[in-house]
Amino acid sequence: MKRVRKLTRGDTFSLEVEITENGEHQTVDEMFLTVKESYSADEVLFQKKIGDGIKLKDNKYLISIYPEDTNDFEYKQYVYDIEIIKGNIKKTLEVGILRICDEVTFAVDEV
């Protein structure tokens, strides 16, 4: 079963990812959160990576999605995955659905 994450369009949203091995916290060389319209789509709608939307804090990776990432999205479901690279090992940690939900207060209303 795929994980479904709900996000109100234009809101800030954070995901925490903790990587452990034998009970020990691990760091990785690279991490990516990639969002596309469908699994077969070539176009990446947005991507986060370490240093650009992903940071290590208190032994957990914090992935931040900002309002500008989803402001222009339609209200529907998109797909995402979270992938890590450590040395020559590449692993997908999570594959899921990002459901963009309705909003009432649009950016232009924030005066």
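**Figure 1. Residue classes in the lining of the largest pocket of this predicted model.** Sorted by class, the lining of the largest pocket holds 5 nonpolar, 4 charged and 2 polar residues. The nonpolar residues are Ile19, Val28, Ile84, Ile89 and Leu93. The charged ones are Glu21, Lys86, Lys90 and Lys91, and the polar ones are Thr20 and Gln26. The space in the largest pocket amounts to about 220 Å³.

**Figure 2. Strands around the largest pocket.** At least two lining residues come from each of β3 (20–21), β9 (77–86) and β10 (89–101). Strand β10 gives the largest share of the lining, 4 residues: Ile89, Lys90, Lys91 and Leu93. From β9 come Ile84 and Lys86, and from β3 come Thr20 and Glu21.

**Figure 3. The cavity of the predicted model.** Searching the whole structure gives 1 cavity of 30 Å³ or more. The volume of the largest cavity is about 40 Å³. Its lining is made up of Arg5, Phe13, Leu15, Leu33, Val35, Ile65, Tyr80 and Leu98. Two or more of the lining residues come from β2 (13–17) and likewise from β5 (30–36). Phe13 and Leu15 lie in β2, while Leu33 and Val35 lie in β5.

**Figure 4. Residue classes in the lining of the largest cavity.** The lining of the largest cavity has 7 nonpolar residues, 1 charged residue and no polar ones. The charged residue is Arg5. Among the nonpolar residues are Phe13, Ile65, Tyr80 and Leu98.

Key:
Residues numbered from 1 in each chain as written. Predicted model: local features only at pLDDT ≥ 70, side-chain atom pairs only at ≥ 80, totals over all residues. Heavy atoms only, no water. 1 Å grid on protein atoms, 1.4 Å probe; cavity = no way out; pocket = protein on both sides within 12 Å on 5 of 7 lines; lining within 4 Å. Points joined across faces, edges and corners; volume = space filled by probe spheres on them.
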